[in-house]
Amino acid sequence: MVSELMCLRNKIDQNDKALLEILAKRLRLVAQVGEVKSRYGLPIYVPDREASLLASRRKEAEDLGISPELIEDILRRIMRESYSNENDKGFKTLCPTLRSIVIVGGKGQMGRLFKKMLKLSGYKVKIFDKDNWKQPNILLNAGMVIISVPLHLTEEVIYKLPKLPKDCILVDLSSIKEKPLQAMLKVHKGPVLGLHPMFGPDTDNLAKQVIICCHGRQPEIYQCFLEQIQVWGVCIHYMNAIEHDKNMAFIQALRHFTTFVYGLHLVEENSNLPQLLALSSPIYRLELIMVGRLFAQSPQLYADIIMSSKMNISLIRRYYSRFGKAIKLLEIGNKKAFINSFRRIEDWFGPYAKRFLIESRGLLQTANDNR
């Protein structure tokens, strides 16, 4: 039995080595693709090409008696690595006449990420931070100024900016948009743009990441900058600042506050975290991971986001009220009302419910694999 197993395992090892050689060859080809895309200013992420490739490989896998899901999982992981490798080749400069770009708060994590991407795109990038705040001359000939400071300082920093060149593009990266955009429009008469990166600064590459764009003034002047962002692989969603902040009340403020309360509840109940993890189903493990992720980050950031507007507080109060009403259903044991409410929510989600059920399977499998 032992010798038979050893023989089979040796063959598996040989096949693994062959797979590694094929993978190395594929990554070398990807590097060449990256060079071509860089030369011609093509985006690193092309949705139609990716969808077509995955569909073809799934069909070929099925014909060979291999799970299509397995092949798609492998290819998606390889693609993620490929996008990172394409980053290393740099990007074509789409705004060659743009003067130096100054990132205010450029020593912060998001500022450093944008500095990296802009330098990979061939731009001259300067940093204006608290250690040289008293030397504003760096801003006087800037072609673009990007505000990347903590949320609670954003408006204050904008109002303290010196007079910028008329053609300078003023941009902010804050997670709320209405007030910062109004502030920029007041202090600067030239082009103004509000951006909200919907990703963290620890992102390896920006392929498939989302940035929300809120137009301020003279979009024709900063259009080439938006095209540059798309070359990085970013998907841009356009909306006005008020609509943005209403959506962020749900996506950020309410979710972050709910996570905060859940974490606080775990602490107050003196829960045994290692035991919870050991006993958890994949879905609960994943949920617990996402809760813990919040508390590995800046408390100031989340306090700023949650408390950034009265609208957020009102939304959280309405959530609190509905939570109380749901508890009453439990207290009186009204299963019928609970089920009716459940069905109502199911109807609201519509086809997305089944779609999310399917999409979540891969996440749950990964959570289980990581045990």
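Let me start at D172, which in this predicted model stands opposite G194 in strand 5. Strand 5 covers residues 192-197, and 3 bridges join strand 4 to strand 5, the two strands running parallel. Between them the chain crosses from strand 4 through helix 6, residues 178-187, to strand 5, and this β-α-β crossover is right-handed.

If we now turn to the other neighbour of strand 4, we come to strand 3, residues 144-147, which is joined to strand 4 by 4 bridges, again with the two strands running parallel. Here the bridge partner of I147 in strand 4 is D172, the residue that stands opposite G194 in strand 5. The connection on this side is also described by a β-α-β unit: strand 3, helix 5, which spans residues 154-159, and strand 4 make up a unit that is right-handed.

What about the faces of strand 4, residues 169-172: are they covered or open? Both are covered, since I169 and V171 on one side are buried, and L170 and D172 on the other side are buried as well. As a general background to that division, side chains in a regular strand alternate between the two faces of the sheet.

D172 also takes part in a salt bridge, with K177 as its partner, and the closest N and O atoms of that pair are 3.2 Å apart. Both K177 and D172 are buried.

Let me step back to the sheet that contains these strands. It is an open sheet of 7 strands, with mixed pairing, and its strand order is 2-1-3-4-5-6-7. The edges are formed by strand 2, residues 125-128, and strand 7, residues 235-238, each of which pairs on one side only. On average, neighbouring strands of this sheet are turned by 25° against each other, if direction is ignored. At the strand 2 edge, 4 bridges join strand 1, residues 101-104, to strand 2, and these two strands run parallel. One position to look at there is V102, whose bridge partner in strand 2 is K126.

For the setting of the sheet in the whole molecule, the secondary structure of the protein chain comes to 14 helices and 7 strands. The chain has 371 residues, of which 35% count as buried, and its C-alpha atoms fill a box of roughly 80 × 65 × 35 Å along the principal axes.

I would like to return to charged pairs, this time in the helices. A search of the whole structure finds 13 salt bridges. One that I find useful to follow on the screen is the pair of R58 and E72, whose closest N and O atoms are 2.7 Å apart. This pair links distant parts of the chain, because R58 lies in helix 2, residues 47-63, and E72 lies in helix 3, residues 68-87, with their positions 14 residues apart in numbering.

How exposed are the two partners, taking 20% relative accessible area as the limit for calling a residue buried? R58 has a relative accessible area of 26% and is therefore partly exposed, whereas E72, at 17% relative accessibility, counts as buried.

E72 has a further partner in R76, and in that salt bridge the closest N and O atoms are 2.9 Å apart. Both E72 and R76 lie in helix 3, where they are 4 residues apart, or about one turn of the helix. R76 counts as partly exposed, because its relative accessibility is 36%. Taken more widely, salt bridges that share partners join E50, R58, E69, E72, R76 and K208 into one network.

My last region is a nonpolar one, on the surface. There I345, W348, F349, Y352 and F356 form a nonpolar patch, with about 580 Å² of accessible area together. Two elements give two or more residues to this patch, namely helix 13, residues 335-349, and helix 14, residues 351-369. Which of them gives the largest share? That is helix 13, from which 3 residues of the patch come. F356, for its part, is found in helix 14, and F356 counts as partly exposed because its relative accessibility is 38%.

Notes: Residues numbered from 1 in each chain as written. Predicted model: local features only at pLDDT ≥ 70, side-chain atom pairs only at ≥ 80, totals over all residues. Heavy atoms only, no water. Salt bridge = Lys/Arg side-chain N within 4 Å of Asp/Glu carboxyl O. Buried < 20%, exposed > 50% of the residue type's maximum accessible area, 1.4 Å probe, protein only. Pairing = 2+ DSSP bridges. Right-handed = clockwise from strand over helix to strand, strands pointing away. Patch = residues over 30% accessible without salt bridge, like charges linked within 9 Å, V, L, I, M, F, W, Y side chains within 5 Å. Areas by Shrake-Rupley, 256 points an atom, 1.4 Å probe, with all protein chains shown as cover. Axes fitted to C-alpha atoms, helices over the stretch in contact; angles between N-to-C directions.
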